[in-house]
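Reader: I'm new to this one, so could you walk me through it slowly? I'd like to begin with charged pairs and then move to the interior.

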Amino acid sequence: MLWRHLNQGEGAVVADRSIGVWLSITALARSEGADVGVRHAVTACGEAVGAGAALSMSASGSSHEPVFATDPRSGELEDLQATLGQGPSADVIGGVGPVLEGELAGAGPLARWPQFTPAAVGRGVAAVFAVPVGMGAARMGVLGLYRDWPGPLSKEQFDAVLLYADAVLMLAMDERGGLAPGAVDLLESGFTERRAEVHQAAGMVSVQLGISLTDALVALRARAYAEGRTIAQVAADVVARQLSFTRPESSLPGWGGSVQEEPAASADDPASPESEQAEDKRREGGG
């Protein structure tokens, strides 16, 4: 399950590191008096490399949703990537191998992720790393790491991160190949409901604009980014019919317009009672 080929000499080293990884995970769980779970593997991974960590999971293989983060910033950045459709975790879900960016403030990351990079740097992140959680081409999710100082992971750190990603996968899957109870709890804490709402909103926007579901998701993301909100928040407004989308002639970003009540009639409106009273007075005065 590791993302590299091992020669005979390396096998024993990896076995030792794997034992160390699992010991750190179980020690963390025991300190809480809890059963070992996915969140302990994610937390232990972040601690091992001195970074904030977050796990996002994919229901469709093309989109992802954060299900656990060790700190608010890491959760925000995972959520932002789900909204923008760009960033290291988004790349990994899209099929790119491990993403290892030790100099986030450089020109390369800005060109690669023009919207995500400034947001991450603005939050004090100097290096980002993301590795897939899955087997081969089958990717269940991505493990993202956000560090305050620049520089690459060492070879030992990178090997450890891959082992932690394997541990996340093993803890997320039960013996029958399905999701283990702890992973189900993570999913049910918000992933399934939020993702279903996003797809429902995309369907509504698709009808409103007469476009494909893929383009409707782009419109939702554009609106969310323009308003500084998550795609889940915008989708909730669409489903609640508090937000509708119109053709691009609208000046609002993301082709969206808030649903508003009809304005009250003014005195300048010929059909309003105020205008009728004004007309009567004008006639009485001979005006």
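Author: Let's begin with one pair: the side chains of R112 and D91 meet in a salt bridge, at 3.1 Å from N to O, where a salt bridge is a side-chain nitrogen of Lys or Arg within 4 Å of a carboxyl oxygen of Asp or Glu. R112 lies in helix α5 (residues 107-112) and D91 in helix α4 (residues 88-93), so the pair ties together parts that are 21 residues apart in sequence. Helices (H or I, at least four residues) and strands (E, at least two) are DSSP runs, numbered from the N terminus.

Reader: And what should I know about the model and its numbering?

Author: This is a predicted model, in which local features need pLDDT of at least 70 and side-chain atom pairs count only at pLDDT 80 or more, while totals for chains, interfaces and linings use all residues. Residues are numbered from 1 along each chain as its sequence is written, and side-chain values use heavy atoms, with hydrogens and water left out.

Reader: Is D91 buried or exposed?

Author: D91 is buried, with a relative accessible area of 17%, whereas R112, at 41%, counts as partly exposed. Buried means under 20% relative accessible area, exposed over 50%, and partly exposed in between, using a 1.4 Å probe and protein chains only.

Reader: How many salt bridges does the count come to?

Author: The count comes to nine salt bridges. One of them joins D148 and R73, whose closest N and O atoms are 2.5 Å apart; D148 sits in the loop between β5 and α7, and R73 in helix α3 (residues 72-84), 75 residues apart. There is also a network of salt bridges linking R223, E227, R229 and D237.

Reader: Switching to the interior, which residues touch the most other members of the largest nonpolar core?

Author: They are I25, V42, L55, V133 and L145, in a core of 34 residues. A nonpolar core is a set of buried Ala, Val, Leu, Ile, Met, Phe, Trp, Tyr and Cys residues joined through side-chain atoms within 4.5 Å.

Reader: Which element gives the most to it?

Author: That is α7, with 11 residues. Of the 18 residues of α7, 13 are buried, so this helix is largely enclosed by the rest of the structure.

Reader: Which other core is there?

Author: A second, separate core has 18 residues, including V205, A216, V234 and V238.
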